[in-house]
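Reader: Please take a close look at one part of this model for me. I want the interface between the two domains, with numbers where you have them.

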Amino acid sequence: MSTVSTRTAICESHSKLILVGEHAVVYGKPAIAMPFPLKVRVTIQKAVGPIMFESSIYTGPIDSMTVKMKGIKACIEESLRCVDQPFANLRIRIDSAIPLGRGLGSSAAIAIAIVRSIFSLFQQGLSEEHLFSLVQIAETYAHGKPSGIDTAAEISEYPIWFQKGKEIVPLVIGIPLYIVVADTGRNGDTHTAVDNVRKMYVSETEKVQNSLDEIGTIGELAREALLKGDVYLLGNLLYRNHEELKILGVSDGELNNLVEIARNAGALGAKLTGGGLGGCILALGESLEHAEVIATQLMDSGVSNVWYFSTEENILYSLK
Ligand code: MEV
């Protein structure tokens, strides 16, 4: 959704879930990601003076932003250059329902909504490819060498089949999926998790390569399962994917425990989602009612928040 006048532009972006394939996607394996209905809204107004930024983590002049926010600044700078505007005379406000650093793609979502707002405010067309490349400026600062899956999944309104450097394919899913997402409340550091896998690849090449290959196979099988509407096979693949992420060292005790709680609640499948080392897990239910049962058991275990939804309706239920 976007609202634009000559002085103000308001644009949104949704977050994302990686269904299968995180980490292996950095090494060229295929992955499947989908929109998650938590959203960020950016309001950009023309206002004389230096660019002022307002968000839950930083409020003040853009030039005094923390090093961690350097990527957003670079992305804004480049976007303004593209629309022939000086790096000044804006007030940028971020209202986000996406928790930061939980594997839900908050950083890419913020950058997407900012770039969309800048181009809308100055009435310039913006192709998806151009949006992708501008957002990747911010993502490269945030994550080192991101595969681009977060940005691609958040630009898309549909689940996607993603393989680095290849065409992004929207996936038509034959059946509704009932998905539960539980948030540990702990920040997962994607940069560190990706770095750890890289270091492990150097020290234990064969073990890591086997895992990456297995995750690649899981991705291919998950795509077939989605197209055929086989949620039982899909669920099984999610559990298998989680085992491989454990081998890669990006899971932890709490994430593993949450996967087991979901399994005991009868989830068809469950795994960590995103970079890991904190953040969230996702689980697959048989119906919306079943998703609620799984969600309740996860919430009772003391997590910070649990959401559930069906891919066929645009309603996100939260247990918080
Ligand atoms: C992060 O959401 C997904 C990772 O695979 C990193 C990436 O693809 O850039 C862990």
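Author: **The domain interface**

Domain 1 and domain 2 bury about 3000 Å² between them, and 68% of that area lies on carbon and sulfur atoms. Note that this is a predicted model. Lost accessible area is a common way to state the size of an interface.

On the domain 1 side, His23, Tyr27 and Arg102 lose the most area to domain 2. Together they make up 23% of what that side buries.

Now the bounds. The domain assignment gives residues 2-170 to domain 1 and residues 178-318 to domain 2. In the contact, domain 1 supplies 31 residues and domain 2 supplies 44. The centres of the two domains, taken over C-alpha atoms, are 24 Å apart.

Next, the polar terms. Three salt bridges cross the interface of domain 1 and domain 2. A salt bridge also joins lysine 29 and aspartate 213, with 2.9 Å between the closest N and O atoms. Polar contact links 13 residue pairs across the interface, both residues at pLDDT 80 or more.

Which elements build the domain 1 side? β2 (8-20), β3 (31-46) and α3 (128-143) each give at least two residues to the side that touches domain 2. β3 has the largest share there, with six residues. By class, this side of domain 1 holds 20 nonpolar, six polar and five charged residues.

One annotation to set beside this. An unreviewed UniProt entry places "domain: GHMP kinase N-terminal" at residues 76-153. That stretch is 56% helix and 9% strand. Its end C-alpha atoms are 21 Å apart.

Terms used. Residues numbered from 1 in each chain as written. Predicted model: local features only at pLDDT ≥ 70, side-chain atom pairs only at ≥ 80, totals over all residues. Heavy atoms only, no water. UniProt positions renumbered as here; feature names shortened; annotations may be inferred. Helix = DSSP H or I, 4+ residues; strand = E, 2+ residues; numbered from the N terminus. Domains from an automatic or database assignment. Contact = heavy atoms within 4.5 Å. Buried area = accessible area lost by both parts, 1.4 Å probe. Salt bridge = Lys/Arg side-chain N within 4 Å of Asp/Glu carboxyl O. Polar contact = N/O pair within 3.5 Å; in protein donor to acceptor, adjacent residues only side chain to side chain. Nonpolar A, V, L, I, M, F, W, Y, C, P; charged D, E, K, R; others polar.
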